[in-house]
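Student: Could you take me through one part of this model up close? I'd like to start from a single side-chain contact and work outwards.

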Amino acid sequence: MENVKETSNNAPKAPAPNQTFEKTKAYQDFINVLSQIIEKHGAEILGEINRAN
C-alpha cells in the first residue's frame, strides 16, 4: 500500500454521461424486432432457464 498515492478532492471529474438518446428509425426497428422475438420465444426461454436451475 505504500505505492498508492492519494488523490486530492480537487481532481477534475469526468462529466456525467448524457442519458438521452435519439430514437432513430433504426433504433425503433431494432426495438420492434426485439419485442417480436420476446413475444414469440419468451415463455420457451423462461422455461429452459427454470429447468436449468
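Tutor: Sure, let's start with the salt bridge where the side chains of Lys 25 and Asp 29 meet, at 3.1 Å from N to O; the term needs a side-chain nitrogen of Lys or Arg within 4 Å of a carboxyl oxygen of Asp or Glu. By that rule the count comes to 1 salt bridge. Bear in mind that this is a predicted model, where local features need pLDDT of at least 70 and side-chain atom pairs count only at pLDDT 80 or more, while totals for chains, interfaces and linings use all residues. Residues are numbered from 1 along each chain as its sequence is written, and side-chain values use heavy atoms, leaving out hydrogens and water.

Both partners sit in helix α1, 4 residues apart, or about one turn of the helix. An α-helix has 3.6 residues a turn, so residues three or four places apart point the same way. Lys 25 is exposed at 61% relative accessible area, whereas Asp 29 is partly exposed at 34% (buried is under 20%, exposed over 50%, partly exposed in between, with a 1.4 Å probe and protein chains only).

Now the helix itself: α1 covers residues 25–52, 28 residues in total, and reaches 37 Å from first C-alpha to last, close to the 40 Å expected at 1.5 Å a residue (that is, 1.5 Å times one less than the number of residues). Helices here are DSSP runs of H or I, at least four residues, numbered from the N terminus. There's a kink of about 60° in α1, centred on His 41, the bend being the angle between axes fitted to the seven residues ending there and the seven starting there.

Methods
Helices (H or I, at least four residues) and strands (E, at least two) are DSSP runs, numbered from the N terminus.
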